[in-house]
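Student: I am new to this structure and would like a close look at one part of it. Could you take me through the salt bridges, and show me where they sit?

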Number of protein chains: 2
Amino acid sequence: MIANTIVASEFDLISRFFKRPVPAGMLGGGDDCALFRVTPGLELATSKDLLLEGRHFFSNVDPYTLGHKSLAVNLSDLAAMGAKPVACLLGLALPSFDEDWIARFADGFYALADLHGCVLIGGDTTRSQTGVAISVTVFGEVDPAHAMRRNAAKAGDDIWVSGVLGAADVAYRLLAGSLTTESGSGQPSRGLFALSETLLEQTRAALETPVPRVFLGRRLSAHAHAAIDISDGLVQDLGHILHASGVGARIDEGLLPVHPALQNLSLEDRRRAVLAGGDVYELCLTASVDQRDHFERIGLEAGVPLTRIGQVVAGAGLEVYDQAGQLIEPLPKGFDHFRD
Amino acid sequence: MIANTIVASEFDLISRFFKRPVPAGMLGGGDDCALFRVTPGLELATSKDLLLEGRHFFSNVDPYTLGHKSLAVNLSDLAAMGAKPVACLLGLALPSFDEDWIARFADGFYALADLHGCVLIGGDTTRSQTGVAISVTVFGEVDPAHAMRRNAAKAGDDIWVSGVLGAADVAYRLLAGSLTTESGSGQPSRGLFALSETLLEQTRAALETPVPRVFLGRRLSAHAHAAIDISDGLVQDLGHILHASGVGARIDEGLLPVHPALQNLSLEDRRRAVLAGGDVYELCLTASVDQRDHFERIGLEAGVPLTRIGQVVAGAGLEVYDQAGQLIEPLPKGFDHFRD
């Protein structure tokens, strides 16, 4: 129910919170379409994601972090293509007009957009009868010779991941109540609660304010073959590269960069989080072995760890070996919106 | 609730229904981003709309027409800019996996996309916990010298509208139960029911399968000053042109092209439908008086009536005069998602 005291015009809302000036040469919101030019010789890279309350975020999430994440998950797709962000569109459906909420959402969105020079040029707001729904479309530019496509992995390539894995999945499961830390601690209940609180503190930022690897993706694009961002879990997303490239891979669990907060979890929980946990937004890339020096240098310059986790091999399928050299079977499954 | 028998992978769904081949030179769905080139010298025009079940369409709508309309409302924005459609992205949130529903939705979407050479190059599907949510982003190309911007109207311009007005609003209100034909007929109840059924038959296509005026917009763009598509009602959308251009306008109710099915409605219902009814997707344009021959010829060639309804004047504000020459006050309000 919308109280009659909540009366605000859609157009007021747009102009108050989402209509900062756009650079010369771009036509922003306030016309039928937004207009902009693409640099001659470059291709336009575009991606969109739809985020729904209750499905992709909790209803009590801080709107600032939600604004950040709505854009971050889309910028991450540009990063995985090696594209430079240029502009974005925002579609926002809200059940009511909560001025503070919208202002905080806009602040979080614009803070990340400004950092990447990604200009909000238009969009659409509407009133939802259910929960909040957010749809973002991003535009980037990329040199087609360097775009990191999923089908470009070659047998013999190294497989690399950026950052550390597993934290977002743990935070999500703590917030959803589907993970307890019991299995890893054996402490009494008061201690258990404290341990969960600490673990949530340590992992929550990975879930709510993921850092899209835009700068890293652009720097690596001249050196990598294939790339993908890990939105649905390493096993599943690397699987997309392998399938598209017609190759297989072997990775070693012991080489995977695990978030340090996960050290007290059971092997099963940690393995699930690292191999199958979604919402990560780190990059998984393949590159020939003669690129190792470049990768290490670029990772150091960007301040983001880049870790070699295995090799692309001829054939098909992904094999993951544990630290004893045993094949892990079956592999934990990744996130699939229509199955999980 | 999702029955356990409804098990289908998101990726199967995408590849089965939404992965038709894309032309050479474009990279479609199946990578982090879609890639395409913009013709040198032209600008990219882009727009997006978010459609929610219960808010923008009824839950029992035919999915074929919903697929059509989801794209049509976005193509209409390109039409109002004079842009040529190139590509689109589709975000689709569904509460369950209903194969027939998705197939019909895809058929309706692709039929309109194919007609306009608008290639579906990517998107995002997810499971919704509430109703269906649809987010479409379209891309077009436009010569910046001919893009029809809202701020380009000039005092002395003619004001034109394409097609006929009012039918979509009537169909919507009949389906929502907020319009009876009592006021216009005075017939007994059996006759009333039959009259409503006939009126719905005559107006429903305007609501459910609006025709985006893409060809017309492209032909008129070299001859018009300002343009907008009538999504929120003539008064409100023309008001956007006037506000952006710093001018006023005078239009004559007697000149407005009214859908013939509305002839038996009361003056009040008809006026509301024609002046303030949304979801129309006809174009409202302004052009200098020396363009009348061009407009009439182009309308004839396109098979779409183009009607002069008034003039742009110096000053501010919109005045509408009835057939007796009296100023209509107050004007019926247009559609605003956060107010109505």
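Tutor: Here is a walk through the charged pairs, beginning inside one chain and ending where two chains meet.

A word on the ground rules comes first. This is a predicted model, in which local features need pLDDT of at least 70 and side-chain atom pairs count only at pLDDT 80 or more, while totals for chains, interfaces and linings use all residues; side-chain values use heavy atoms, with hydrogens and water left out. Residues are numbered from 1 along each chain as its sequence is written, and chains are lettered from A and ligands numbered from 1 in the order in which they are written.

Let us set the scene with chain A. Its secondary structure comes to 10 helices and 11 strands (DSSP runs numbered from the N terminus, with helices being H or I of at least four residues and strands being E of at least two). Of the 340 residues in chain A, 57% are buried; buried means under 20% relative accessible area, exposed means over 50%, and partly exposed is in between, with a 1.4 Å probe and protein chains only. Among contacts in chain A with a separation of 6 or more, 87% come from residues 24 or more positions apart, where contact means heavy atoms within 4.5 Å.

Now to the charges. Side chains of opposite charge can pair when their charged atoms come close. Here a salt bridge is a side-chain nitrogen of Lys or Arg within 4 Å of a carboxyl oxygen of Asp or Glu, and the structure holds 32 of them over all chains.

A good place to look closely is where two helices of chain A meet. Helix 4 (residues 167–176) and helix 9 (residues 267–276) of chain A pack at an angle of about 115°, their axes being 7 Å apart. Those axes are lines fitted to C-alpha atoms, for helices over the stretch in contact, and angles run from 0 to 180 degrees between N-to-C directions. Helix 4 of chain A brings Asp169(A), Val170(A) and Arg173(A) to the contact, and helix 9 of chain A brings Asp269(A), Arg272(A) and Ala273(A). By class, the residues of this contact are 2 nonpolar, no polar and 4 charged. In this sorting, Ala, Val, Leu, Ile, Met, Phe, Trp, Tyr, Cys and Pro count as nonpolar, Asp, Glu, Lys and Arg as charged, and the others, Gly among them, as polar.

Asp169(A), Arg173(A), Asp269(A) and Arg272(A) are linked in a network of salt bridges. One of its pairs is Arg173(A) with Asp169(A), whose closest N and O atoms are 3.3 Å apart. Both residues lie in helix 4 of chain A, 4 residues apart, about one turn of the helix. Arg173(A) is buried at 6% relative accessible area, and Asp169(A) is buried at 9%.

Another pair in chain A joins Glu301(A) to Arg219(A), with 2.9 Å between the closest N and O atoms. Glu301(A) is in helix 10 (residues 292–302) of chain A and Arg219(A) in helix 7 (residues 214–220) of chain A, so this salt bridge ties together parts that are 82 residues apart in sequence. Glu301(A) is partly exposed at 48% relative accessibility, as is Arg219(A) at 38%.

Let us move on to the meeting of the two chains. In all, 74 residues of chain B are in contact with 72 residues of chain A. The size of an interface is often given as the accessible area lost when the parts come together. Between chain B and chain A about 5900 Å² is buried, with carbon and sulfur atoms giving 57%; this is the accessible area (1.4 Å probe) that two parts lose on being put together, summed over both.

Between chain B and chain A there are 6 salt bridges. In one of them, Arg150(B) pairs with Asp31(A), the closest N and O atoms being 3.7 Å apart. The pair crosses from the loop between strand 5 (133–142) and strand 6 (158–162) of chain B, which holds Arg150(B), to the loop between helix 1 (10–17) and strand 1 (34–36) of chain A, which holds Asp31(A). Arg150(B) is buried at 13% relative accessible area, and Asp31(A) is buried at 11%. Glu43(B) and Arg37(A) also meet in a salt bridge, at 3.6 Å from N to O.
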